[in-house]
Amino acid sequence: LTSGTIAANQTICYNTSPSAFTQTVAPIGGNGTYTYQWQEQPLCTGGWGDIAGATASTYDVPGTITQTTCYRRQVTSGTCGTVYTNSVTVTVYADLTSGTVATDQTICNTTSPAAFTQTVAPTGGNNTYTYQWQEQPLCTGLWTDISGATSSTYDVPGTITQTTCYRRRVVSGGSCGTVYTNTITVTVFGALTPGSIAAN
């Protein structure tokens, strides 16, 4: 009795589902009839456990998974024995985090805030990240993308005349999620006026 083989190792985003595991080589030998039981091994260490209801020659994980897990198929042929296939490893990327940016500022009217820095880098996802800074005039209403602001840090060009909020969007690999940093509030003092004096 031989177990056949299953395919294939995969790497997936956090909280997603792997592709179905296929049979690349069928079992042979034994009495010619086979029963199957798929098993899993969380974190690919320790004991193997049967997966309830997973008794076909192939297996499609229901739902999503959040940790690296190994899978294999048990093959039994009547009284002729039980054998196991190769192990398939599904590597799960860590959950995507946005990192943090700094910091709130208060500035005079018609001046420019200090550049916004990254204090904590993003983590997780597939470890590649693209950025888009956004702004929210008066810190209310819709957020809009800032044209060309696609690096990890951002320096506002020119000056601003009203309180404005900023944040950074982080995308990992296109498919591993989109997250947003904390919000930076730039509070702008009102324009200075001289007042008036009286009288001739």
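Buried, as used here, means under 20% relative accessible area, exposed means over 50%, and partly exposed means in between, with a 1.4 Å probe and protein chains only. The model is a predicted one, in which local features need pLDDT of at least 70 and side-chain atom pairs count only at pLDDT 80 or more, while totals for chains, interfaces and linings use all residues. Residues are numbered from 1 along each chain as its sequence is written, and side-chain values use heavy atoms, with hydrogens and water left out.

**Exercise 1. Aromatic pairs around tyrosine 166**

Task: Establish how the rings of tyrosine 154 and tyrosine 166 are arranged, and decide whether these residues are buried or exposed.

Solution. Begin with the rule: rings of Phe, Tyr and Trp (its six-membered ring) pair if their centres lie within 6.5 Å, and planes under 30 degrees apart count as stacked, over 60 as edge-to-face and the rest as tilted. By this rule the count comes to ten aromatic pairs. One of them joins phenylalanine 116 and tyrosine 166, whose rings are 4.9 Å apart from centre to centre with 45° between the planes, a tilted arrangement. Phenylalanine 116 belongs to the loop between β10 and β11 (117-120), whereas tyrosine 166 belongs to strand β14, 50 residues apart; strands (E, at least two residues) and helices (H or I, at least four) are DSSP runs numbered from the N terminus. Phenylalanine 116 is buried because its relative accessibility is 0%, and tyrosine 166 is buried because its own value is 1%. Next, the ring centres of tyrosine 154 and tyrosine 166 are 6.3 Å apart and their planes meet at 45°, so this pair is tilted. Tyrosine 154 is placed in the loop between β13 and β14, twelve residues from tyrosine 166, and both tyrosines are buried. Elsewhere, ring pairs link Phe21, Trp38, Tyr59 and Tyr71 into a cluster.

**Exercise 2. The disulfides**

Task: Find how many disulfides the structure holds, and work out the handedness of the link of cysteine 13 and cysteine 176.

Solution. A disulfide is a pair of cysteine sulfur atoms within 2.5 Å, and a search of the whole structure finds three. In the pair of cysteine 13 and cysteine 176, the sulfur atoms are 1.8 Å apart. The torsion about this S-S bond is about -80°, so the disulfide is left-handed. Cysteine 13 lies in the loop between β2 (10-12) and β3 (22-25), and cysteine 176 in the loop between β14 and β15 (178-180), so the bond ties together parts that are 163 residues apart in sequence. Turning to accessibility, cysteine 13 is buried because its value is 10%, and cysteine 176 is buried because its value is 12%.

Cysteine 139 and cysteine 165 form another disulfide, with 2.0 Å between the sulfur atoms. Its torsion is about 100°, so the link is right-handed. Cysteine 139 sits in the loop between β12 (129-137) and β13 (144-145), and cysteine 165 in strand β14, 26 residues apart. Cysteine 139 is partly exposed because its relative accessibility is 26%, whereas cysteine 165, at 4%, is buried. For cysteine 44 and cysteine 70, the sulfur atoms are 2.0 Å apart, and with 100° about the S-S bond the link is right-handed. With the bonded cysteines numbered in sequence order, the pairing is 1-6, 2-3, 4-5.

Task: Explain why cysteine 108 has no such bond.

Solution. The closest cysteine sulfur, in cysteine 139, is 17 Å from the sulfur of cysteine 108, which is too far for a bond. Cysteine 108 is partly exposed, at 48% relative accessibility.

**Exercise 3. Polar contacts of serine 172 and aspartate 104**

Task: Identify which side chain forms a polar contact with that of serine 172.

Solution. A polar contact is a pair of N or O atoms within 3.5 Å; within protein, one must be able to donate a hydrogen and the other to accept it, and residues adjacent in sequence count only if both atoms are side-chain atoms. Serine 172 is part of strand β14 (residues 164-172) and is buried, with a relative accessible area of 0%. Its side chain makes a polar contact of 2.9 Å with the side chain of asparagine 126, and also reaches the backbone oxygen of threonine 128 at 3.2 Å. For comparison, aspartate 104 is found in the loop between β9 (100-102) and β10 (105-107), and a polar atom of its side chain lies 2.8 Å from the backbone nitrogen of threonine 185.
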